[in-house]
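Student: Could you take a close look at one part of this structure for me, the nonpolar surface patch, and then walk outwards from there? I'd like the cut-offs spelled out as you go.

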Amino acid sequence: MRKVAAATAVVMAMAGVTSFGAGLSFADGGRSGATATGGSTAGADLFQQNSAQEGRLNSWCGQPSDVFISPAGARMRGRCLNHDGSFNAFAHTRSKGAHVEGGSTIATVEQQNIAQKGRLNDACANLNDSSPTIQGGRVESDCRNHDRSLSKQVLVKGGGARISGGSSLVEAVLQQNIAQQGRQNNACANAVFSNFAVSDGRLDSDCRNHDGSLSKQVLVNGGGAHVEGGSAELDVHHQNIAQDGRQNNACAHLMNEDFTVTGGRAESDCRNHDLSLSKQVLVKGGGAHVTGGSSTVQTVEQQNIAQEGRQNNACANLNDADFEATDGKVGGDCRNHDRSLNRRVLVNGGGAHVEGGSSTTLDVTQQNIAQEGRQNNACGNLNDGDFTLTGGRVAGKCGTTVRSYSNHVLAKGGGAHAEGESGAADIIQQNIAQEGRQNNACGNHNDADFTLTGGGRLADKCRTTDRSFNKHVEVKGGGAHAEGGSSSGEEAGAFQSNIAQEGRQNNACGNLNDADFTLAGGRVAGKCRTTDRSFNKHVRAKGGGARAEGGSATLSLEQQNIAQEARQNNACGNLNEPEAETPNVSGSQVSTECGSKDRSFNKHVLVKGGGARAEGGSTTGGDVNQQNIAQEGRQNNACGNLNGGSVTLTDSRVKNRCKSADESTNVGTKEAGVGALAEGGSSTADLFQQNTAQSGRQNNNCGNPNNLTLTATGSRSTTQCIAVDRSTNIGTINR
C-alpha cells in the first residue's frame, strides 16, 4: 500500500517556457493529431483512462487508476505548472485535433476520457475507480497556467477535441468524458466510481489560469469540442463536459461515489484572471456539443455540460453521489475576473448544444446545462445525490467580475440549447440554457435528498459584477432554448425544471427539483446578486430570445418552466415538488435572496429583444402541477416560488427576498421587445397551474406557491419583493 501511495504522489512542474520565433514558421499536428484509443475486452470488466492532448504546454499528471490510497498523516501532492513567455511572429499553426475513443466490452465499463486541444492545458488528479482514505493527512492537486506570450500575425487552425465513450453490450457504463478546445483549459480532481473517506484531513483541488498575453493580427479557427457518451444495455452513469473557447475549468466533479468527511475539509477552487490585450483578432469557435449515452433496459443518470465562449467554469457538480459530512466543510469556489482590452475583435461562436441520453425501459435522471457567451459558471449542481450534514457545511460560490475595455467589437453567439431526452418510466430532469454574458447556474439540485442536523449548513452563492467599458460594440445572440424530455410509460411521471435565460447577468441558482428535505437545527441559504456599473456607448444588442418548453407525461407532471430575456434576470429559490412525503423543518432557517443593481451609463444604445416564451407540457392520464414564468425586459426576478409538495415547519423560518434597484443613466437609447408569452399545459385529471407573463422593466414574480400544503407551528414564512427606480432617461424610446 505504501508503494502505491508513493507512486501516486507525483509532483510535475513545467516552468518558465520562453521562446522566440521570427520569420515564417509552421507547426503541423500531422494527419491524425493526438489520438488515444482504448483497448477492448470480450468478456471482463474494463477500467480505463484515455487522454489525448494536442497543442502546446499540456500536462497530464497525478492520475491514479484502479488503486487504493491510505496516507495516514502523510501528504500527497500532484502539481502541474505551465508558464508561457514566448514571442511568436508570422507563425502558422495547423493541427488535426485531439481525439479519444474509449474501449468497449460486454461487461462493465468504467472510464475516463479526456481530450484537450490548444494551449496551456492541464489534466491532473483525476481518479478512476480509486478509494482514497485520508486520516489526518493531506491530498492536494494544483493546476496553474500563466500566459505572458506575445503573438503577432499568427494563424491558428485547430481540428477540435472529440471524445467517443466506450459502450457495454450487456452491463453498465460509468463514464466521465471531458473535451476542451482552446486555451488555458483545466481538467482536475474529477473522480469516477471512487469512494472518499476524509477524517481530520484535507482534500484540496486548485485550478488557476492567468492570461497576460498580447495578441495582434491573430486568426483563431477552432474545431469545437464534441463529446458523445457511451451506451449500455444496463445502467448508464455519465458526466459529459465539452468546453470550447478560452480559460475553461472543469474540476472537482464526482460521479457514482460515496464521500465521507469527518472533521475534515474538502475544497475545490477554480479561478480565471484575464489581463490580455487583443487587437485585430478574429476568433471563430466550432461550438461545444454534448450527446449523452442511452440505455436500452435500465436507468440513465447523467450530467451533460456544454460551454462555449470565454472564462467558463464547470466545477463541483456531483452525479449519483452520496455525501456525508460530520463537523466538516465541503466548499466549491469558482471565480472569473476579466480586465482584458479588446479592440477590433470579431468573435463568432459555434454555440453550445446539449442532448441528454434516453432510456427505453426505466427512469431518466438528468441535468443538461448549455452556456454560450462569456464568464459562465456551472457549479455546485447535484444530480441524484444524498446529502447528510451533521454540524457540517457545504458551500458553493460562483463569482464573475468584468472590468474589460472593448472597442469596435462584434460578438455573434451560436445560441445555447439544452434538450432533455425521453424515457419509458419517470423523467427527473433539469435543463438550463444560458446565452449571453455573466451567467451563473449554481446550486441547482436535481432529485436530491438532504438531511441537515446539529447546525448543518447548505449555502450557495452567485455574484456577478460588470464594470466594463464598451464602445462601438455589437452583440448578436443566438437564443437560449431549454426543452424538457417526455415520459411515455403507462404509469410514468415527469419531474422537471426548464430554465432558459438570454441576455446579460443572468442567475439560475438554488432551484431544487424533486428534492427531499429534513432539517433539524440546520440552515439552507441561496443568494444571487448582480451589479452593473458598465459604460456603453454606440452599442447594439440583438437577442435571439429565450424559450423554455416542458416535456409531457402519461401520468403526473410536476414542472417549472422559466424563460427570461434581456438583462439582470434572476431565477432562484424555486422549488419543484419538494418531497412527495412531508418534509420536516424544525428549529431551522431556509432563505433565498436575489438582488440586482444597475448603475450603468448607456448612450446611443439599441437593444432588440427576441422575446420570452414559457410553454408547459401536458399529461394524458394524471395531475398537472405547473409553473410557467416568462419575463422580457430588464431587472426581472422569479424567486421563492414553490410548486407542489408539502412543507411542515416547526419553530423555523422561511425567508424569500427579491430586490431590484435601477440607478442607470440612459441617453438616446432605444429598446424594442417582442413580448412575453406563458402558455400552460393540459390534463385529463386535476390541473394546478400558475402562468405569469411580464414584459417591460423591473418585474418581480416571487413567493407564489402553487398547490402547496404548508403547516407551520411556531414558525414564520416571509416573502419580500422590492423594485426601486432612480434611473435617468433622456430621449429614450421603448417599444
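Tutor: Sure, let's start with the patch itself: Leu150, Leu214, Leu277, Leu341 and Tyr405 make a nonpolar surface patch of about 340 Å². A patch here takes residues with over 30% relative accessible area and no salt bridge, joining nonpolar side chains (Val, Leu, Ile, Met, Phe, Trp, Tyr) within 5 Å and like charges within 9 Å. The areas come from the Shrake-Rupley method with a 1.4 Å probe, and for residues only the protein chains shown count as cover.

Before going on, a word on the model: it is predicted, so local features need pLDDT of at least 70 and side-chain atom pairs count only at pLDDT 80 or more, while totals for chains, interfaces and linings use all residues. Residues are numbered from 1 along each chain as its sequence is written, and side-chain values use heavy atoms, with hydrogens and water left out.

Back to the patch. Leu277 lies in strand S28, residues 277–284 (strands are DSSP runs of E, at least two residues, and helices are H or I runs of at least four, numbered from the N terminus). With a relative accessible area of 32%, Leu277 is partly exposed; buried means under 20%, exposed over 50%, and partly exposed in between, with a 1.4 Å probe and protein chains only.

Tyr405, one of the patch residues, also belongs to a cluster in which ring pairs link Tyr405, Phe469, Phe535 and Phe601. Rings of Phe, Tyr and Trp (its six-membered ring) pair if their centres lie within 6.5 Å; planes under 30 degrees apart count as stacked, over 60 as edge-to-face and the rest as tilted. The whole structure has four aromatic pairs. One of them is tilted: Phe387 and Phe450 sit 5.7 Å apart centre to centre, with 35° between the planes. Phe387 is in strand S38 (residues 386–390) and Phe450 in strand S44 (residues 449–453), so this pair ties together parts 63 residues apart in sequence. Phe387 and Phe450 are both buried. Phe535 and Phe601, by contrast, form a stacked pair, at 5.1 Å centre to centre and 10° between the planes. That pair links distant parts of the chain, with Phe535 in strand S52 (residues 535–542) and Phe601 in strand S58 (residues 601–608), 66 residues apart. Phe535 counts as partly exposed at 27% relative accessibility, and Phe601 is partly exposed at 27% too.

Now for the charges. There are 24 salt bridges in the structure, each being a side-chain nitrogen of Lys or Arg within 4 Å of a carboxyl oxygen of Asp or Glu. In one of them, Asp147 pairs with Arg119, their closest N and O atoms being 3.9 Å apart. Asp147 lies in strand S14 (residues 138–147) and Arg119 in strand S10 (residues 109–119), so the bridge ties together parts 28 residues apart in sequence. Asp147 and Arg119 are both buried.

Two further bridges are worth a look. Asp206 meets Arg208 at 3.1 Å, N to O; Asp206 counts as buried at 14% relative accessibility, whereas Arg208 is partly exposed at 30%. Arg335 meets Asp333 at 3.2 Å, N to O; here Arg335 is partly exposed at 35% and Asp333 is buried at 13%. As for networks, salt bridges with shared partners join Arg56, Asp84, Arg119, Asp147 and Arg183.
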